[in-house]
2 protein chains.
Amino acid sequence: MNEIKGINLAKHNETYQDGTPILVAVDNVIFGFDPVEEKLKVLLFKRQVEPQAGNWSLIGSFVQSDESAELASQRILTKFTGLTDVFLEHFNTYSDIDRDPGARVISLGYYSLIRIDEQKEELVQSFHAQWFHIDEIPDLVIDHNQMILDALHTLQNESRRKPIGFNLLPEKFTIPKLLKLYQEILQAPLDDRNFRKKILSAGYLDRLDSKDKSTSKKGAYHYQFNIEAYFDLVKKGYSLVLP
Amino acid sequence: MNEIKGINLAKHNETYQDGTPILVAVDNVIFGFDPVEEKLKVLLFKRQVEPQAGNWSLIGSFVQSDESAELASQRILTKFTGLTDVFLEHFNTYSDIDRDPGARVISLGYYSLIRIDEQKEELVQSFHAQWFHIDEIPDLVIDHNQMILDALHTLQNESRRKPIGFNLLPEKFTIPKLLKLYQEILQAPLDDRNFRKKILSAGYLDRLDSKDKSTSKKGAYHYQFNIEAYFDLVKKGYSLVLP
DNA sequence: CCAAAAGTGTTTGTTATACACCCATGT
DNA sequence: ACATGGGTGTATAACAAACACTTTTGG
């Protein structure tokens, strides 16, 4: 760096010509909650191009010149699951110069929360994509294992403060399912009585008259997330806090 | 999108040739705490290239092929302030296709926390850079006003859970200064007795024997942040929580 | 001696935690 | 009638919030 001898000498007049175009990709950590196994899973597929073709990988794509990164991430999510209007957020950027052995690629990490029951199963299968439990992620391509860790931490932090977990459940769900989901996300047991108390006392869950009898003889009441009620509460300063 | 007629038809075999290189920039929201005015400020400079030359702007640069985005952000911070080893974190990515009228540029937002008293004032001046109070940010180039808002929200959220505020203060500081800093960051008054109780009971602030008599006749004790003590506490599960 | 900022404790209310039993029902 | 998961309440502890006075000392 140049020494500055006096005042008014320095310039910072980089132009667009001074920039070097770089390949930019999005990688999508797609989370789903398996309603049968009651496990939090991530959708992976086998990379089809060299280097490292055949290895498990996150689902990603290059950002094209006519689309934003968000759109690229949505595009690839829709391609693999058939879903649109999905919770999808940026969580980190990966820019080490040697991270991708194939080329200099800056990768934007997104994570999405989908309802496994709404995905197009045949689409997922047609790409040879598979759901992996977060405890059983295989060795992935490049830095994708790190990306999943980062996405999971973001999901955990966000889940403790905002009710985003509902994006992983069907419209109608039961409290026992919701509890299991939160235990999976936070990877820690939660006291069921205290959990019920906190989540129900907030007032944004509507109990329906119907019950889910698939897991017990007594049956568990269906609940629905009431987003208007939630927004009203947020306006008044409410925020969820889980341990 | 193609309809899938059967299983095993779909491909996702994008190669590096399918990517379009894009200009990638970093923009740095440089925060400083003015020790005299006791105000949280952001460092801005007048853009020197078209379009919008002469307008106030964040300090940014293109990411070059031989550097990571973090490094680019550090580089530009050092160029303007002379500082190295500074708190610097990515907070968001801006990728709308029309955001920059000069070219398609994806911008990575970083924010940094510096000690104003350690910066090289003559360097800052030589770039015609100026510190602006966060309540008095002028109209900025492109989407830089939004970036400052996003960075401030990130800073607020992080400050509530981690003691990163110390990066904005000199090594030795007083509790009244620390309180003022937190009130500036959170843009809300804090009760001084409760604040003292919480911050001192944690045990990672070492009181020195010296006093700062610049703001009162009685003088306020100097304190120092003890990072080892803090890390030990974090290992045991401690986390700061401010209202 | 007094103005101005620094420093200190207590009470009260709220929230978190820990914990155990009854309920409903299909088989 | 009983096994299975669903649903409920209470007592205690910990923490947050509200609040006012004393201390120090340079001028």
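How far is a phosphate oxygen of DNA strand D from a polar backbone atom of A:Y221? The distance is 3.0 Å. That makes a polar contact, which is a pair of N or O atoms within 3.5 Å.

This is a predicted model: local features need pLDDT of at least 70, side-chain atom pairs count only at pLDDT 80 or more, and totals for chains, interfaces and linings use all residues. Residues are numbered from 1 along each chain as its sequence is written, chains are lettered from A and ligands numbered from 1 in the order in which they are written, and side-chain values use heavy atoms, with hydrogens and water left out.

Stay with DNA strand D. Around this strand are 18 residues, the closest being A:R196, A:K197, A:K218, B:R193 and B:K218. A residue counts as near if one of its heavy atoms lies within 4 Å of the strand. By class, the residues of this surface are 11 charged, 4 polar and 3 nonpolar. Here Asp, Glu, Lys and Arg count as charged; Ala, Val, Leu, Ile, Met, Phe, Trp, Tyr, Cys and Pro as nonpolar; the others, Gly among them, as polar.

Which elements supply the surface? α5 (192-202) and β10 (220-225) of chain A and α5 (192-202) of chain B each supply at least two residues. α5(B) gives the most, with 4 residues. Helices (H or I, at least four residues) and strands (E, at least two) are DSSP runs, numbered from the N terminus.

Two side chains show further polar contacts. A:R196 places a polar side-chain atom 2.8 Å from a phosphate oxygen of DNA strand D. B:R193 has a side-chain N or O atom 3.3 Å from a base nitrogen of the strand.

Technical notes:
Polar contact = N/O pair within 3.5 Å; in protein donor to acceptor, adjacent residues only side chain to side chain.
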